Amino acid sequence: QVQLVESGGGLVQPGGSLRLSCAASGSIFSSLAMYWYRQAPGKERELAASITWGRSTSYAASVKGRFTISRDNAKNTAYLQMNSLKPEDTAVYYCRGVGLGRDYWGQGTQVTVSS
């Protein structure tokens, strides 16, 4: 069983940066594709970024050029570096790991972008 724990959320001013972390327990992290989703109040959960076990990345149009997803398999951790944050980036951010027939979600971390 794998547990995912997000951290790094908080309150930041527009134009600021945050780095989210998703720490995974267990030994299969390197075999998982990792995803960052977000859900704003009153909206559906949406995919923000993804990274395969082979480190191929993809991004939603709304975050491309501002967010960077990465992974450190030695630390069993995925990251989401968020720059040039906007108020519309305010949401709960969730990480997800998929692989070996399993699908894991973290509990989420709140990101609030406000002056």
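Me: What share of the 115 residues of the protein counts as buried?

Reply: In this predicted model, 42% of the 115 residues count as buried. The cut-off for that word is under 20% relative accessible area.

Me: What makes the protein as compact as a globular protein of its length?

Reply: The globule rule gives 13 Å for 115 residues, and the radius of gyration of the protein is 13 Å, close to that value, so the protein is as compact as a globular protein of that length. Along the principal axes, the C-alpha trace spans about 40 × 25 × 25 Å.

Me: Which secondary structure elements does the protein have, and how many?

Reply: The protein has 11 strands and zero helices. Read along the sequence, the pattern is β-β-β-β-β-β-β-β-β-β-β.

Me: Why is a set of residues here called a nonpolar core, and how many residues has the largest?

Reply: The name applies because the members are buried residues of the types Ala, Val, Leu, Ile, Met, Phe, Trp, Tyr and Cys, joined through side-chain atoms within 4.5 Å. The largest such core has 27 residues, and L4, M34, W36, L80, M82 and Y93 have the most contacts inside it. Several strands supply at least two residues each, among them strand 4 (33-39), strand 8 (77-82) and strand 9 (91-99). Strand 3 gives the most, with four residues.

Me: What does Y93 touch, beyond residues up to four places away in sequence?

Reply: With contact taken as heavy atoms within 4.5 Å, Y93 touches E6, L20, W36, Y37, R38, F67, L80, M82, G108, T109 and V111. W36, L80 and M82 are on that list, and these three are also among the residues with the most contacts inside the core.

Me: How do you know that strand 1 and strand 3 pair, and in which sense?

Reply: Pairing requires at least two bridges. Strand 1 and strand 3 have four bridges, in the antiparallel sense, so the criterion is met. L4 stands opposite A24 in strand 3.

Me: What makes strand 1 and strand 7 edge strands?

Reply: Each of them pairs on one side only. The open sheet they belong to has four strands in the order 1-3-8-7, with antiparallel pairing. Its neighbouring strands are turned by 15° against each other on average, direction ignored.

Me: What share of the contacts with a separation of 6 or more comes from residues 24 or more positions apart?

Reply: Such residues account for 54% of these contacts.

Me: What supplies the exposed area of the protein?

Reply: The protein exposes about 6000 Å², and carbon and sulfur atoms supply 48% of it.

Definitions and conventions
Residues numbered from 1 in each chain as written. Predicted model: local features only at pLDDT ≥ 70, side-chain atom pairs only at ≥ 80, totals over all residues. Heavy atoms only, no water. Buried < 20%, exposed > 50% of the residue type's maximum accessible area, 1.4 Å probe, protein only. Axes fitted to C-alpha atoms, helices over the stretch in contact; angles between N-to-C directions. Rg over C-alpha atoms; globule rule 2.2 N^0.38 Å. Areas by Shrake-Rupley, 256 points an atom, 1.4 Å probe, with all protein chains shown as cover.
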